[in-house]
Structure formats: C-alpha cells, structure tokens
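Please open the model in your viewer and keep the selection panel at hand. The tour below moves from whole chains to single strands and then to the places where chains meet.

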Amino acid sequence: MQRFPCPFCGLRDEREFLFIAEAGKVRPDTTQKISDEDWARYLHAIRNDKGAVREVWMHLTCGELFVLERDSVTMEVIRSIPLRTEAA
Amino acid sequence: MRDDSQRWAPPRDRGVEVTAPGITIRSLDIARLTLISGPAALNATKFALADWPGVVEGDNYAISLRRDRILEVNGPARSDGWDAGQNLAVSDVTDAYTHVEITGPSALSLLNRGTELDPATPSRSAARLLFGLGVFLYRHGASDTYRIHAGSAQDEALWHALTDAAKHLT
Amino acid sequence: MTSHRVSSPAGKTLKFSFDGKSYMGVEGDTLASALLANGVRIMGRSFKYHRPRGPWSAWVDDPNAIMTVRKGGVELPNCPATTTYLEDGMEARAVNAWPSAAFDIKSGLDLLHRWLGAGFYYKTFMWPDWHLFEPAIRKMAGLGHVTEDVLDGYSADQIHDRCDVLVIGGGPAGLAAARCAAEAGQDVCLVEDHKRLGGGARLSERIEGKRPDAWVIEEATALEQAGARILTHATAFGIYDHQMVAIIEHGPFGTAPRLRRMRAGRIILATGALDRPITFAGNDLPGIMSVTGACTYLAQHKVLVGRSIALASNNSFADGAATMLAGAGAEVIRIDPTDGAMAAKGGKRMLALKQNGVTHAVETILASGGQTPLVHLWRHAGGKLTWCETRQAFLPGTNPMRMVAVGAANGSFDMDIALAEARAAGKSEARPQGSDEPPRYHLTPLWPSPGSKGRQWIDFQHDVTLKDIELAARENYVSVEHLKRYTTLGMASDQGKTSNMAGLAAMATLQGKPIPEVGTTTFRPPFVPVPLEIYHGHHKGQHWNAPKRLALEAEHRAAGAALGEYGGWLRPAWYGTGGMASRVPEEVKMARHDAGLFDASPLGKIEVMGPDAEHFVNFIYYNTIKSLQLGRIRYGFMLSEGGIVYDDGVIARVDQNRFIISCSSSHVDGVRTHLEAWRQDGNDPDRIFIHDTTQNWATLTVTGPKARDTLGALGLTADLSKDALPHMAFLETTWAGTPLRIARVSFSGDLSFELSIRRNKASDLWQALRDAGAAPIGLEAMAVMRAEKGYIMIGKDTDGETMPHDLGFTVPREKKTAAFVGDRSLHMEVANDPARKQLVGLAVADGAPMLPIGAHVVTDGTKPTSLGYVTSSYESPTLDHAIAIGLVEKGHARMGEIVTVWNQGETREAVITSPVFFDPDGERLHA
C-alpha cells in the first residue's frame with residue numbers, strides 16, 4: 001500500500017488518490033483547426049515510461065490536482081509539486 | 001429487481017450510544033454547517049481551524065478541508081451563492097453530513113481499524129478516507145476525543161463500521 | 001516405537017485424537033510434535049498418489065502433515081500439523097485420506113503412477129471435451145473440505161500500525177538486531193511466528209558462552225526494557241509497497257486471526273534458512289526428515305524422532321546435529337550423500353538406506369542438501385537475488401528500499417557473523433568488517449541427477465518426481481514458470497519451500513545451464529497460507545460497499561416499499577404486496593392518471609459558482625449553457641474528451657454566477673471529480689468553485705396530470721401556473737418556513753415538479769404530499785414511464801461508443817463555436833462514419849410479447865451480422881403493448897423499415913420507429 005504526499009494535506013494512503021493523466025499534455029485550442037493526428041496524439045499517446053515518471057494525480061478527499069514524480073518500477077515517490085500557489 | 005429490504009437493517013435509532021472497552025461512540029447534532037470556498041477561504045472565518053492532529057475547542061469553529069475550502073460549524077448565517085464582495089462561494093450544508101463523536105483512550109486504536117492514522121503525521125486538512133468513506137476527522141475538546149462527519153446518506157455505513165470495529169477492542 | 005519423548009517437558013498435559021485414536025500431548029506441542037511423541041509417524045497422504053507421509057520438518061516448510069481439526073464445534077480444514085499448536089480436546093484427521101492416514105483406501109492410485117505423470121489430465125481428458133470430466137476430477141482434487149457451518153463471530157480484526165524498525169524473525173539474529181535498534185531509541189517491533197522466541201538458537205550448544213535459553217531470555221528482557229514490542233505467534237506474510245508489512249496474528253484455535261498492517265520505517269529481515277531435501281530413490285517415505293526438523297523436535301519438544309538414524313548431509317551443519325541427537329540416545333550413522341546414489345527401502349515403515357551396495361538398517365533418515373535462506377519477503381519487496389557458489393544458494397542481493405537481511409536469511413550461517421551483522425543492522429550501521437570472509441559453513445554441491453534410477457520426489461505434496469521434470473523438459477516446458485504450471489511443482493500448500501530449489505536445479509542440469517541462469521519462479525504473498533477471512537475482515541454483509549441511504553427510508557418501509565440497490569443507493573423499487581409484475585404496471589397507470597410521488601433524492605445537486613462559472617459550465621457541457629436565462633433549466637450531456645456521452649442531466653441557472661448541475665443519481669461522485677479536474681486543469685480555479693450539496697437535500701418528484709393540483713394543497717405562495725413556471729423553469733420559495741426549490745423537470749413525460757427540501761425536513765414534505773393525494777411510485781415504474789417517452793438512461797441505452805449525435809442531439813456539434821470537452825472528437829473519422837449506431841424505437845405487432853433486452857437487430861441472408869441491439873424493453877401499461885428502444889446502425893435513416901431481431905437462435909420482426917412512444921407532441925409534458 002503506497003502513500004503519496006498531497007501538496008496541501010501531506011502524506012496520505014494511496015486509496016485517497018486518483019490518477020488523472022501523464023503530466024505535460026496541453027489541451028489543444030479546439031476553436032482553431034487541429035489535425036486528426038494532433039488530436040489523436042493528445043487523446044491517446046501515452047509514454048508509460050519505466051522508471052521515473054511525471055503524472056497528474058488528484059487527492060480525492062481534498063480535490064487537489066498536483067504533479068507527482070515517482071518511480072514506476074520501485075514505486076518510490078520522488079516528490080509532489082503543487083499546481084496551485086498558496087493564497088496570499 | 002430483487003427486493004432487498006430485508007437484507008439491510010432499517011435505519012438505526014440515532015440516540016443510542018455504544019460503549020466498548022476504552023471508548024464511547026455517539027451521534028451528535030449540529031445546528032449549522034456552512035461550506036465556504038474561495039481563493040482566501042482559509043482566512044474567511046473568525047473561528048479556529050480544525051486540522052490534524054490539533055485539538056479544536058468549543059461549539060463554534062471551522063474545519064479546514066482544502067487549500068480553498070472550510071466548513072464552518074455553528075458559524076454566522078450567510079447567504080447561499082457567490083459573494084462577489086468577499087470572493088466566496090457559500091452553501092448551507094447543515095443536513096449534508098452526519099456527525100459521530102468517539103471518546104476514550106482506545107479511540108485512536110479504533111480509528112486505526114479504518115485508516116492509517118498517526119498523530120505524528122500532521123495534515124492541514126481534516127478530510128480523509130475512514131473505512132473507505134469520505135469523512136472529516138479531527139480532535140475536539142481533548143486529545144482522545146474525535147469528531148467525524150460523513151455524508152448524511154452514509155450514516156448507517158459509518159456507524160456500523162465503527163461499532164463493528166469496536167467489538168475487537170479488549 | 002520409533003519416535004518418542006526423551007524427557008517430560010514442563011506444561012499441562014493435553015488430550016487429543018488423531019484419525020479417531022486418543023493421545024496425550026503437552027502444552028507447547030504442535031500436533032506434529034505431539035504425534036511424534038506418541039510414536040505416530042504417518043500423518044497424511046500425498047495429493048495425487050495417496051502415498052503415506054510423515055512430517056518432513058518441524059515448521060512452515062512441511063508439505064506432508066495436513067489435517068482437518070475440530071474443537072468445540074469449530075472445524076477448520078487444511079491445518080498444517082507442524083504449525084498448529086495443540087489444544088486440549090482437539091480432534092484431528094488427516095486430509096486426503098480415508099478412513100485414516102495409515103490405511104487410506106485410495107492408496108491403490110500409487111500403482112498407476114506410471115500413467116499418471118505430469119500432464120496426464122491435460123492429455124487424457126482433452127477429447128471430446130474437458131468439461132465432461134471436469135466435475136468428477138474436481139471432486140477428487142483438493143485437500144480438506146470446508147464444512148457448511150458458519151462460524152459465529154469469526155471476523156478478522158484489521159488494524160493499521162506503525163513502527164520505526166520492524167524485525168521479522170525472533171531467532172538469534174532478529175533478537176540481536178531488535179535489541180540494538182531499541183536501545184538506540186527506535187520504536188521497534190519484533191515479529192516471531194512461534195509462540196516462543198529463539199528460533200534456531202536452541203540448535204546451538206552455546207551462544208556467546210551462554211546456554212541458548214538463557215541467552216534468549218536475556219535478549220528478550222533487554223528488548224522489552226528498551227520499549228520494543230514483541231509479537232509472537234504472528235507471521236509477516238507479505239511485504240507491500242512503501243514498507244507495508246502484512247502480519248497475521250493467531251489466537252487460540254477457532255478464533256479469527258488479526259491482520260496488522262504494519263508501516264515500518266525500515267525492515268530487518270531475519271527469517272533464517274531451511275534445509276533442502278535430497279533427491280534420492282524413495283525419498284518420500286515416512287521416517288525421512290530434515291536435519292533441522294529433527295533437531296527442532298528435540299530442542300523444542302524433547303522428542304527424538306528415531307532411535308536408529310542415518311544422517312545424510314552434504315554440509316557442516318550436520319556435525320552439531322549428530323552430537324545433539326546422539327546425546328539424546330539415538331544411534332547415528334553419518335552418510336555422505338555426495339559419495340553415491342542413495343535409496344531408501346521400506347514402505348509405511350522405514351527399513352534401510354542403501355548406498356554403494358551397502359545396506360544400513362535404520363528406521364529414520366535425516367537429510368539435508370544444504371541451507372536455503374528464506375528470501376520470500378525480500379522478493380515481495382522487490383529485492384534482487386544473487387547466486388552464491390560457495391553456499392549453493394540464492395542470497396539477498398540489491399536492497400529493496402529501507403530493508404536489510406541479516407543472519408541465515410542473508411546466508412550468514414555462522415553464529416558470530418550473523419550476530420555481528422544483525423547488531424550493525426540494528427544500529428543502522430554498515431555490515432561489519434570481516435563478514436565477507438568465506439564462511440566456516442561449507443558444503444559439497446548436491447543436486448538431483450536426472451536419468452538416475454528410482455522414484456525420486458521433488459514436490460512431496462503434489463507428487464512431482466524427477467521423471468516429471470524430465471518429461472516437462474522433453475516436452476519443452478523449460479522455463480521455470482512453465483515447468484511450475486505443467487507439473488504443479490511448487491504449487492502445493494508449502495508453495496515450493498521444499499521443492500523449488502531441487503526442481504530448478506534439475507531443470508538446469510537437463511538444460512546444461514548453471515542454476516542462476518534458470519532462475520526462480522516469482523515469490524508472491526502470502527508466505528504461509530492464511531485464511532481468506534484475513535483479507536475481508538469486516539468488509540462483508542452490510543459493510544461490503546454499503547449503499548447510501550435515503551432520508552425517507554423509514555417512510556418508504558412504512559409504505560411497504562421493496563428496496564433495491566440502484567447506483568449505490570438503496571431505493572424503493574415498487575410499493576405494496578403482489579410483486580413487481582403486478583405492482584409496477586399499477587403504479588404507472590396511477591401516475592399517468594393522477595399524481596405519483598417519487599423519491600428522486602439521489603439526483604446530483606452540484607453547485608458551480610464564481611465569476612467564471614458560466615464559461616466553465618459552457619465548456620463542460622456539450623450543449624450551449626451560456627445562453628441559459630436566470631430561473632431556467634436546460635437538459636444536456638457531459639462528454640468525455642473522446643466525445644462519448646458520459647452523463648446526462650439538467651442544469652439550472654440560479655443567478656449570474658451560480659448554476660446547479662443535477663447529474664445522474666449514480667454519477668455524482670464521478671461528475672464531481674470530472675468537474676474538479678477540469679476546473680484546476682486549464683481553467684482558473686480561483687474563479688470557479690464547486691460544491692457538491694447532493695446529500696443536503698431530499699428531492700420529491702410529483703408527476704402526473706394532477707401534479708399541480710396536488711401541490712396546491714401545500715399552500716405555497718409561488719405561482720406554479722403553466723405561464724409562471726413552464727416546463728424547464730425553476731424557482732426558490734419557502735414551505736413551512738423552510739427553503740424549497742421547485743424545478744419543472746420531467747423524466748416521466750408527464751407534468752412533473754421536482755421539489756427539493758433540506759434532508760431533515762423531507763418527512764414533513766412527504767407526509768404533506770401523501771395527504772394531498774399523491775401515491776408513491778418506485779424506480780421500476782419510473783423506468784417504464786421514461787422508456788414510453790423515449791428518454792434514455794446513460795450506460796443502459798448508450799454504450800462506450802455513443803456520441804450525442806447518435807441520440808439525435810446534433811445542433812451543438814454543428815453550431816457551438818465555444819470550446820467544450822470532447823468537441824474535436826465529434827469530428828474525427830469514426831464520428832463521421834455513416835454506419836454509426838443510432839437511437840431508435842423498435843415496435844412489435846399489437847399483442848406480440850416484448851423483445852428481449854440484448855437481442856440483436858441483424859442483417860438478412862444466410863450469415864446474419866449484428867446491426868445493433870435492444871437496450872430497454874417493457875410491456876407499456878399506458879399504451880397496452882410492448883415497447884423497446886435500441887441502438888441500430890444508420891437507425892435514423894431506417895424509420896419504418898422492418899428488421900429482423902435475433903435472440904438465442906430465434907428471430908422475430910420489428911419496425912424501426914421514433915423512440916418516443918408516448919405523447920410525441922409533448923402536450924402532457926408542457927401542461
């Protein structure tokens with residue numbers, strides 16, 4: 001059973017988290033012309049790297065979306081990076 | 001569709017307390033709960049914030065839920081909706097939650113039946129999973145007294161999970 | 001009598017029986033040690049050939065002595081005799097043997113062994129169909145039988161726990177490591193699977209100059225004084241991610257064990273090592289035992305396993321063993337098993353050991369082919385193994401995270417080296433200097449020799465012999481994983497603890513490869529068999545995925561509701577007696593004629609607020625929401641980014657910056673997460689806020705021609721007339737001093753009002769509406785009414801390919817200019833395919849029975865192919881004929897076409913129609 005660090009809540013049980021996507025994809029501006037290939041790549045191309053990965057996860061209990069860097073082989077968590085900035 | 005009305009016990013009497021070695025479990029009533037979100041929601045209340053593992057006192061306080069959300073307990077009346085002046089979204093959710101209080105020296109041991117919970121691992125939020133249910137959990141009044149809020153519709157599930165686990169306390 | 005007790009240990013005398021015969025044992029005995037003390041050697045029968053078997057060892061590696069044990073009305077099958085502690089009054093029976101292990105009527109199967117080799121069942125029962133033979137073979141297979149009794153209160157406690165250092169194994173290395181860690185101020189937990197600490201300590205004459213018992217007590221006392229926790233009769237059976245260790249804690253016989261999920265800061269593995277068997281002719285006979293097993297019975301239980309013993313060992317451990325056994329009065333002859341092929345002679349009774357033409361008349365043979373470190377947990381945690389040529393064993397290699405192995409588990413078979421490295425590990429120091437020197441422990445390599453004579457057992461319980469390995473190699477099942485599945489080698493209840501090394505070494509020889517190149521099979525939890533109860537604990541009955549409960553459940557029950565689980569909620573299916581078949585049509589007719597009262601509380605109420613709320617919901621919905629007026633409601637779809645319909649529901653605009661999304665009842669959690677993800681990814685989360693208030697509200701739907709009259713009885717001040725509150729309009733008012741939301745939304749196709757009130761006031765409103773004449777209807781009636789109207793249920797009438805234009809909602813796809821989730825996917829090649837399945841109605845002739853749900857609409861011709869299928873089908877009480885809707889290829893272009901509907905070999909005709917069977921002009925809806 002893994003534990004992941006939510007940037008706001010701290011270390012929590014993996015059951016509280018949901019994988020959203022690999023990090024780094026940007027939604028194309030769909031009001032502009034996008035080729036089928038580009039859209040298909042956005043939808044379906046997944047790196048699925050062995051080893052160090054960067055992923056977007058959601059901490060379901062608090063709803064925070066963040067980037068998690070971890071090792072997909074050893075399951076070691078490297079760090080989590082907030083997508084949000086602290087409120088002033 | 002099968003008739004499962006016998007499979008599930010009818011809703012319990014919420015007035016009944018359960019005691020087990022080292023703990024008492026009882027339901028609470030709370031007069032007003034207000035969900036408040038906004039860029040600076042954590043500063044939007046004059047009350048103390050409940051998080052983990054801090055102990056919050058009294059009848060009026062707020063529960064820290066996330067970076068931009070609190071749940072005010074017995075706070076002042078506020079109008080529902082978007083408050084453009086204060087940049088806050090407000091919903092009266094008084095009936096959305098069911099409330100249970102566990103007190104006694106075995107309380108933490110009981111809670112550890114439902115989640116991995118450690119006072120040495122602090123959290124800025126009281127929201128977590130307990131027995132697989134989404135709850136708000138914090139200490140109230142004393143370090144061996146815990147309050148749990150779960151969705152109203154999950155009152156039976158929470159109560160039975162807690163009281164069943166309590167049977168293992170010796 | 002062969003085996004016997006050499007002196008009486010302290011402890012209470014316990015009465016028990018085995019295969020119907022009574023015996024006496026002593027407190028602290030296992031079933032196996034107590035039986036050996038009584039001279040009983042045959043304790044079981046092998047799985048396939050029903051060969052008589054005695055215990056091979058004294059602990060978890062024994063594959064032979066498996067029993068059904070009964071005590072105090074509790075019967076548990078498959079208890080290993082070597083790990084089941086004796087209790088007064090136990091009645092044990094050997095499994096897989098009848099009437100007893102000593103006289104088993106199926107032992108004749110052994111005569112057929114020539115034909116029952118590996119793959120026998122696969123090859124023999126292939127023709128004509130395995131399924132013809134399967135029931136009889138399955139009945140023969142398996143070991144113990146589960147009784148039909150349900151044990152009261154047999155519910156495993158599951159608890160999470162944590163410590164700085166978890167030491168697994170309470171032998172010398174584990175005790176030494178734990179003590180050092182505890183004395184360094186760490187929070188230490190030591191797990192030992194026996195009831196007593198000490199492990200292999202008692203096999204030594206002296207430890208650090210002290211008698212083993214004294215040394216163990218001293219270490220244990222120091223440990224406790226340093227504040228360490230000691231769990232005995234508890235086994236760490238699996239290591240999971242991030243140092244989560246699963247520990248099973250046993251209580252008295254018949255009580256449910258406890259699962260402790262221990263999160264350890266770091267783990268010290270001190271699990272020791274096992275003797276491996278020697279592969280020789282007749283090596284499965286009762287009376288052949290491991291050297292450490294025999295020494296353990298003597299040291300722990302004062303039981304000498306035989307009077308005349310041939311000690312066949314290839315390693316230096318045997319020296320101490322010989323002395324120990326001779327000291328207890330046994331006649332011991334040493335045999336060098338590497339000196340020539342051995343053969344055991346005898347049957348139920350051991351007669352002799354033959355080697356190089358010499359016959360040694362002995363009644364017991366102790367064997368050791370070398371020490372195998374217990375590295376199972378190391379592998380669970382992802383640690384690597386390295387082959388040690390000196391020790392002829394796999395040793396822990398690269399460390400998994402925060403884990404170290406010490407003592408015999410690490411191949412440190414010399415006590416001083418083991419203790420030194422254990423203490424260093426306890427203090428988090430590097431292994432001490434000198435610990436890499438060649439060990440004093442030494443052995444002569446000894447592995448099975450394929451092609452040699454006699455029946456030589458590799459897996460004792462499953463009767464896998466050396467010949468089976470040879471057969472597997474000939475048939476090219478050479479990978480260890482294939483070898484395992486083909487021969488069942490290592491699949492017995494000991495999970496290969498005795499058999500794997502011999503099996504893979506034999507395969508290595510057959511392949512002409514070194515052992516490490518052949519490798520091992522995967523080590524998986526659990527390390528020892530554990531009852532399934534440990535995994536589910538309280539997650540059963542009412543606690544297994546408990547449904548959400550309605551505020552009005554008591555009222556529904558009082559009204560005679562049949563309750564069913566719908567999308568995670570326990571909801572009324574229908575009301576009253578007479579069964580679903582009669583009640584549902586009656587409820588539909590009533591609601592179509594008067595006013596039905598339906599509990600719609602689980603419908604989502606997700607509020608979206610903030611300055612960007614309008615922009616956000618316009619992006620989330622397929623439909624244009626931007627143009628939605630205050631106090632108005634719109635029906636719409638949420639799509640996945642792939643353009644597939646994910647949810648349907650209505651959205652109401654409460655004010656400029658506030659919307660309420662009423663998504664499907666079963667989808668609330670999913671929709672909330674979907675919204676939250678898009679809010680924070682690609683939008684400004686400081687300008688949009690999402691509150692899921694679903695459970696704050698109860699929603700009661702009043703539907704039917706008399707719905708407005710019914711509401712009239714509530715005495716509301718709000719104007720509910722057709723003009724003031726038309727279809728798809730919304731208002732907030734108060735009733736009895738409480739806020740009340742009224743939405744003109746209809747799922748039945750009739751005039752309907754959805755009334756939402758805070759949950760704790762729901763019963764007042766329910767009662768007022770009942771008093772006003774509305775009669776309750778259940779979900780089944782509502783499902784019929786919505787189908788009459790052609791309203792879909794997502795996931796029932798749509799599938800994983802359905803896009804909104806397939807359902808007839810084409811405008812946003814063509815006209816909406818703003819970006820929305822899934823937009824671009826609606827213009828991909830697949831979305832433009834003219835042969836897409838589209839929503840249609842399927843009409844049958846008057847009086848014809850309803851079409852089965854799932855029946856396929858097929859092409860004509862000799863080889864029909866599917867064009868689509870029926871998704872919903874009912875006998876319509878309103879229209880008095882069968883109705884159906886379905887998804888059919890090019891359905892919208894086929895209106896009026898007669899199609900063939902196929903179901904399980906039978907075909908019928910249906911006409912493609914509009915899915916709207918009831919009130920197509922919407923007069924009743926807009927009433």
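The radius of gyration used here is taken over C-alpha atoms, and the rule for a compact globule is 2.2 Å times the number of residues to the power 0.38. Bear in mind throughout that this is a predicted model.

**Stop 1: chain C as a whole**

Select chain C and show its C-alpha trace, which spans about 110 × 70 × 55 Å along its principal axes. For 927 residues the globule rule gives a radius of gyration near 30 Å, whereas chain C has 37 Å. If you colour by secondary structure, you should find 23 helices and 49 strands in this chain. Buried residues account for 53% of the 927 residues, and of the contacts in chain C between residues at least 6 apart in sequence, 66% join residues at least 24 apart.

**Stop 2: chain B as a whole**

Now select chain B, whose C-alpha atoms fill a box of roughly 50 × 45 × 25 Å along the principal axes. Its radius of gyration of 17 Å agrees with the value near 15 Å for a compact globule of 170 residues. Chain B holds two helices and 13 strands, and 50% of its 170 residues are buried. Among contacts in chain B with a separation of 6 or more, 68% are between residues 24 or more positions apart.

**Stop 3: a covered strand in chain C**

Go next to strand 23 of chain C, residues 364-368, where five of the five residues are buried. How are the two faces of strand 23 of chain C covered? On one side C:T364, C:L366 and C:S368 are buried, and on the other C:I365 and C:A367 are buried as well. Adding strand 16 (residues 288-290) of chain C to the selection shows a parallel partner of strand 23, joined to it by three bridges, with C:M289 standing opposite C:L366. Strand 18 (residues 308-313) of chain C also pairs with strand 23 in the parallel sense, over five bridges, and here C:A310 has C:I365 as its bridge partner.

**Stop 4: a hairpin in chain C**

Select residues 66-71 and 74-80 of chain C, which are strand 6 and strand 7, running antiparallel and joined by five bridges. C:V69 of this pair stands opposite C:L76 in strand 7 of chain C. The hairpin has two residues between its strands, and C:G72 takes a positive phi near 55° there.

**Stop 5: a five-stranded sheet and its helices**

Still in chain C, display the open sheet whose five strands follow the order 35-36-37-34-38 with antiparallel pairing. Strand 35 (633-639) and strand 38 of chain C are the edges, and each has a single partner strand, so one side of each is left without a neighbour in the sheet. Ignoring direction, neighbouring strands of this sheet are turned by 30° against each other on average. Within the sheet, strand 36 of chain C and strand 37 (residues 658-662) of chain C run antiparallel and are joined by five bridges, with C:R658 in strand 37 as the bridge partner of C:D655.

Add helix 17 (residues 613-620) of chain C, which packs on the sheet and touches strand 34, strand 35, strand 36 and strand 37 of chain C, its direction making about 130° with that of strand 34. Then add helix 18 (residues 668-680) of chain C, which lies across strand 34, strand 35, strand 36 and strand 38 of chain C and runs at about 170° to strand 38.

**Stop 6: nonpolar cores**

In soluble globular proteins, nonpolar side chains tend to be buried together. The largest nonpolar core here has 175 residues, and those touching the most other members are B:I63, B:L162, C:V608 and C:V702. Centre the view on C:V702 to see its contacts beyond four places in sequence, including C:A595, C:L597, C:F753, C:L755 and C:L769. Another core, of 156 residues, lies apart from it, with C:I239, C:L259, C:A330 and C:A420 among its members.

**Stop 7: where the chains meet**

Show chains B and C together: 41 residues of chain C are in contact with 38 residues of chain B. Which element gives the largest share of the side of chain C that touches chain B? Strand 9 of chain C does, with six residues. By type, that side of chain C divides into twelve nonpolar, 13 polar and 16 charged residues.

Finally, bring in chain A, of which 15 residues are in contact with 18 residues of chain B. Strand 2 (residues 10-13) of chain A gives the most to the side that touches chain B, with four residues, and this side of chain A is made up of six nonpolar, three polar and six charged residues.

Technical notes:
Residues are numbered from 1 along each chain as its sequence is written. Chains are lettered from A and ligands numbered from 1 in the order in which they are written. This is a predicted model: local features need pLDDT of at least 70, side-chain atom pairs count only at pLDDT 80 or more; totals for chains, interfaces and linings use all residues. Two residues are in contact if their C-beta atoms, placed from the backbone, lie within 7 Å. Ala, Val, Leu, Ile, Met, Phe, Trp, Tyr, Cys and Pro count as nonpolar, Asp, Glu, Lys and Arg as charged, and the others, Gly among them, as polar. A residue is buried if 20 or more other C-beta atoms lie within 10 Å of its own, exposed if 12 or fewer, and partly exposed in between; C-beta atoms are placed from the backbone. Two strands pair if DSSP finds at least two bridges between them. A nonpolar core is a set of buried Ala, Val, Leu, Ile, Met, Phe, Trp, Tyr and Cys residues joined through C-beta atoms within 7 Å. Axes are lines fitted to C-alpha atoms, for helices over the stretch in contact, and angles run from 0 to 180 degrees between N-to-C directions.
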